[in-house]
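The following exercises concern the arrangement of helices and strands in one protein chain. Each task is followed by a solution that proceeds step by step.

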Amino acid sequence: KSILVKSLALLMGAKSSGQDVRSGQNQARIEGAFDLSERADIQEKLTEMGIDVSDDRLIVRRVIQASGSSKVYLNGQLSSVGDLKKVVFPMVALSNPSEAPLIEITGQHENKDLMSGRYQMELLDQFCGNQKLRSEVEDLFEKVRAIDEKLEELNSLSMQREQRIDFLQFQISEIEELDLTENEDEILKDKIKEVKSQEKWHTWLSQAESLIHSNDKSILTLLKVLLKQAPDGAQIKKICDSIEQAYQILEDAAFELSRLQDRESASEEDIDEMESRLSRIRKLQKKFGEDVASILENLQSMKEEFEQLSNINETRDSLNKERTERMAKLTKVCQTLHKKRQEGSKLLVKEVNEELTDLNMKGVQFLIEIEWLDEAQAHGQDQVAFMTQTGKKDMPRPLGKAASGGELSRILLSLKQVIGASQQPRTYLFDEVDTGVSGPTAEKVGQKLKNISKHQQVICVTHLPQVASFGDQHYFIEKHPEKEGVHMSVRSLKKAERIDEIARLISGEKLTKTSLAHAKQLLSEAQN
């Protein structure tokens with residue numbers, strides 16, 4: 001039984017140790033298969049983690065080495081213990097179905113939920129139907145916290161406010177002086193390149209025009225002299241006609257060259273001005289971003305911060321006013337929630353104690369203490385504590401410090417019976433919930449477990465035939481001494497074997513006709 005409980009705990013993310021490995025073996029392996037067909041929340045978590053759940057199943061495998069190291073696999077994918085806890089046993093919050101665990105264990109030495117104050121509050125709120133009020137409280141609390149963060153930020157800013165304002169003013173002025181336009185750096189760069197190429201162009205035009213026309217040694221002057229000095233003759237005349245045509249073409253070219261030279265070109269001063277502006281833009285880029293768009297974006301951010309700092313007192317006053325209004329509303333909702341919890345706790349205590357009396361725990365009183373806190377929290381302004389009192393003269397004590405493991409199990413059993421089925425199906429392991437009971441009380445324990453199992457999976461470790469009879473399946477754990485150690489096995493009992501085992505629980509190792517008949521009767525009554 002202890003191995004079964006330990007294995008389930010490891011599947012829930014419990015800390016592992018090399019001592020968990022059988023002596024002489026290198027490793028231990030634990031596997032658990034979970035049906036997720038009705039747990040869309042868990043499937044969603046696994047999908048977000050990149051784990052395939054197309055068959056609506058989750059196979060959890062933990063491999064523990066004798067050295068102490070361990071590995072976790074979720075559907076064959078290597079994961080972490082943190083991921084395992086997040087999926088199988090997250091922080092319990094019944095008002096948030098997405099945080100419902102897959103397994104809950106209650107037993108003699110271990111209780112995963114019932115000791116948690118948060119879980120106790122969740123059980124009470126579920127019983128009272130406080131989910132809507134809780135959501136309203138959480139929403140208001142988050143809004144107040146957001147305001148507090150803004151106020152804290154403002155207070156931090158105000159400490160260096162004047163210095164920061166001066167600095168922002170200087171930087172804003174530095175950018176605004178240039179009166180930047182979008183993509184101006186690239187436009188200036190292209191324009192400077194174009195202007196510099198025009199300088200070379202104008203030099204060439206001047207040289208070309210001078211060579212063709214503008215001086216005594218130009219081509220046109222020399223051709224004119226050549227034509228005047230030409231001798232007579234038909235052949236010479238033909239050549240001169242060709243030279244005349246060339247002269248006319250060159251003269252047209254010279255005119256076009258002269259016209260192009262007359263066009264306005266940028267002066268040295270214009271180029272220097274453009275290069276100076278581009279240099280100033282480059283300096284800003286080193287401080288505020290790689291391009292003009294980044295500079296302008298930073299300018300806008302600095303203006304907004306400057307505006308905020310300049311109006312910091314007005315902003316603070318506005319936030320404080322909003323916070324006061326939110327807090328008043330939060331306190332009012334918390335008071336309503338507190339009242340509902342107080343009223344509901346009385347009824348829950350009454351009904352749980354009736355169940356405990358039914359389970360032969362007449363000497364134990366279940367109590368709920370609700371303390372009003374100085375400040376509101378996300379769950380309200382209450383601290384809820386489940387208590388037990390063993391006698392009228394005894395002081396009530398917290399559940400975990402007063403109740404035994406068997407009592408804890410029966411208290412949880414009573415709570416589940418009163419509050420009803422969880423919204424999300426899961427596995428409950430009740431470890432010896434029947435400790436200290438017998439006869440008719442044991443039969444009632446069995447009936448209550450059977451009721452819970454209509455909506456959840458219930459695994460019950462028991463030595464009482466009355467409880468065992470109510471199970472849908474009966475598993476038998478046995479030890480087999482071997483040379484290398486003790487081998488343990490768990491097997492499902494067939495109908496005849498089950499009658500024998502329940503009869504053995506009634507009369508001990510020696511089976512009698514009476515115990516067998518009683519076993520048959522118990523099974524028949526429990527299964528009908």
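**Exercise 1.** Determine which residue stands opposite Leu 74, and place this pair in its sheet.

*Solution.* Step 1. In this predicted model, Leu 74 stands opposite Gln 77, a residue of strand 4.
Step 2. Strand 4 is paired with strand 3 (residues 70-74) in the antiparallel sense, over three bridges.
Step 3. An open sheet is formed by four strands in the order 1-2-3-4, and the pairing is antiparallel.
Step 4. The edges are occupied by strand 1 (27-35) and strand 4 (77-79); each has a single partner strand, so one side of each lacks a neighbour in the sheet.
Step 5. From one strand to the next, the twist averages 25°.
Step 6. Helix 3 (residues 81-88) packs on this sheet and touches strand 1, strand 2 (57-65), strand 3 and strand 4. The direction of helix 3 makes about 145° with that of strand 2.

**Exercise 2.** Describe the open sheet of three strands and identify the helices that lie across strand 6 and strand 7.

*Solution.* Step 1. The strand order is 6-7-8, with antiparallel pairing.
Step 2. Strand 6 (365-377) and strand 8 (397-398) are the edge strands; each has a single partner strand, so one side of each is left without a neighbour in the sheet.
Step 3. Nine bridges join strand 6 to strand 7 (residues 380-389) in the antiparallel sense. Ile 370 stands opposite Val 384 in strand 7.
Step 4. Helix 4 (residues 117-128) lies across strand 6 and strand 7 and runs at about 95° to strand 7. Helix 12 (residues 312-358) also lies across strand 6 and strand 7, running at about 170° to strand 6.

**Exercise 3.** Characterise the packing of helix 17 and helix 18.

*Solution.* Step 1. Two packed helices are described by the angle between their axes and the distance between the axes.
Step 2. Helix 17 (residues 495-507) and helix 18 (residues 513-527) pack at an angle of about 115°, and their axes are 8 Å apart.
Step 3. Angles of 65 to 115 degrees count as roughly perpendicular; helix 17 and helix 18 are therefore roughly perpendicular to each other.
Step 4. The crossing of helix 17 and helix 18 is right-handed.
Step 5. Among the residues that make the contact are Ile 499, Ile 502 and Ile 506 of helix 17, and Leu 516, Leu 522 and Leu 523 of helix 18.
Step 6. The residues of this contact comprise eight nonpolar, four polar and three charged.

Note on methods: Residues are numbered from 1 along each chain as its sequence is written. This is a predicted model: local features need pLDDT of at least 70, side-chain atom pairs count only at pLDDT 80 or more; totals for chains, interfaces and linings use all residues. Side-chain values use heavy atoms; hydrogens and water are left out. Axes are lines fitted to C-alpha atoms, for helices over the stretch in contact, and angles run from 0 to 180 degrees between N-to-C directions. Helices (H or I, at least four residues) and strands (E, at least two) are DSSP runs, numbered from the N terminus. Angles under 35 degrees count as roughly parallel, over 145 as roughly antiparallel, 65 to 115 as roughly perpendicular and the rest as oblique. A crossing is left-handed if the near helix is turned anticlockwise from the far one by less than a right angle, and right-handed if clockwise. Contact means heavy atoms within 4.5 Å. Ala, Val, Leu, Ile, Met, Phe, Trp, Tyr, Cys and Pro count as nonpolar, Asp, Glu, Lys and Arg as charged, and the others, Gly among them, as polar. Two strands pair if DSSP finds at least two bridges between them.
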